[in-house]
Amino acid sequence: MAKWIEFRTCQGCGYDLATGEGERGCALHDCAYMPEELKVFCPSCLFDFVTMEGNPPCDDPMTCEHGEAARANVANVEAWQRHHAVVASSLGVGDH
Ligand SMILES: [Zn+2]
Ligand SMILES: [Zn+2]
């Protein structure tokens, strides 16, 4: 099984990405220890491809070239959510 699917608590700040518990100490959209495979926001406009939240300066976040890798990771996050029985729709990215 892939390592990233077991990822849950950021070693940097102790934030639990499955429950949203803990103090998030890393940058809002980029926990230092979050595996690349679970990053689903555009590095350029920070649009979140799982929650469809964001205020993208990119014209069309669904096709913007910066978000290519992030869009490909959406399936990973969905698998991760099933694995951890996460009800919330994002990896703690956003304002909760
Ligand atoms: Zn962190
Ligand atoms: Zn973008």
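This is a short walk through one chain, from its overall make-up to a handful of its residues.

The model is predicted. Start with the whole chain. It has 96 residues, and 26% of them are buried. Its secondary structure comes to two helices and zero strands. The helices are α1, at residues 68–72, and α2, at residues 74–83. Now look at how the chain folds back on itself. Take the contacts between residues at least 6 apart in sequence: 43% of these join residues at least 24 apart.

Next, go to the inside. The largest nonpolar core has 16 residues. Four of them have the most contacts inside this core: Leu-38, Val-40, Phe-41 and Phe-49. Follow Phe-49 outward. Leave aside its neighbours within four places in sequence, and Phe-49 is in contact with Val-40 and Phe-41. Both of those are also on the list of residues with the most core contacts. Phe-49 is in contact with Gly-67, Ala-70, Arg-71 and Val-74 as well. Of these partners, Ala-70 and Arg-71 have numbers that fall within α1 (68–72). Val-74 has the number that opens α2 (residues 74–83).

Stay with α2 for a moment. Val-77 lies in this helix. Is Val-77 buried or exposed? Val-77 counts as buried because it has 24 C-beta neighbours inside 10 Å, and the cut-off for buried is 20 or more. Val-77 also pairs up in space with a residue from elsewhere in the chain. Val-50 is 27 residues away along the chain, yet the C-alpha atoms of Val-77 and Val-50 are separated by 8.0 Å.

Now step back to the segment before α1. Several residues here deserve a look. Begin with Ser-44, which is found in this segment. Ser-44 is partly exposed, because 15 other C-beta atoms lie within 10 Å. What does Ser-44 touch, not counting residues up to four places away in sequence? The answer is Cys-58, Cys-64 and His-66. Take Cys-58 from that list. Ser-44 and Cys-58 are 14 residues apart along the chain, and their C-alpha atoms are separated by 7.9 Å.

Cys-64 comes next. It too lies in the segment before α1. Cys-64 has 18 C-beta neighbours inside 10 Å, so it counts as partly exposed. Not counting residues up to four places away in sequence, Cys-64 touches Ser-44 and three cysteines: Cys-42, Cys-45 and Cys-58. Cys-58 therefore appears on two lists, since Ser-44 touches it and Cys-64 touches it, each by the rule that C-beta atoms lie within 7 Å. Cys-42 is 22 residues from Cys-64 in sequence, and the two are 8.4 Å apart in space, C-alpha to C-alpha.

Two residues stand out for their backbone. Most residues other than glycine have a negative phi. Leu-46 is not a glycine, but it has a positive phi of about 60°. Met-52 is not a glycine either, and its phi is also positive, at about 60°. Leu-46 lies in the segment before α1, and so does Met-52. Their surroundings can be read off too. Leu-46 counts as buried because it has 21 C-beta neighbours inside 10 Å. Met-52 is exposed, because 11 other C-beta atoms lie within 10 Å.

Finish with Arg-24, also found in the segment before α1. Arg-24 has 19 C-beta neighbours inside 10 Å, so it counts as partly exposed. Where is Cys-10 relative to Arg-24? The two are 14 residues apart along the chain, and their C-alpha atoms are separated by 8.8 Å.

Key: Residues numbered from 1 in each chain as written. Chains lettered and ligands numbered in written order. Predicted model: local features only at pLDDT ≥ 70, side-chain atom pairs only at ≥ 80, totals over all residues. Core = buried A, V, L, I, M, F, W, Y, C linked by C-beta atoms within 7 Å. Buried ≥ 20, exposed ≤ 12 C-beta atoms within 10 Å, placed from the backbone. Helix = DSSP H or I, 4+ residues; strand = E, 2+ residues; numbered from the N terminus.
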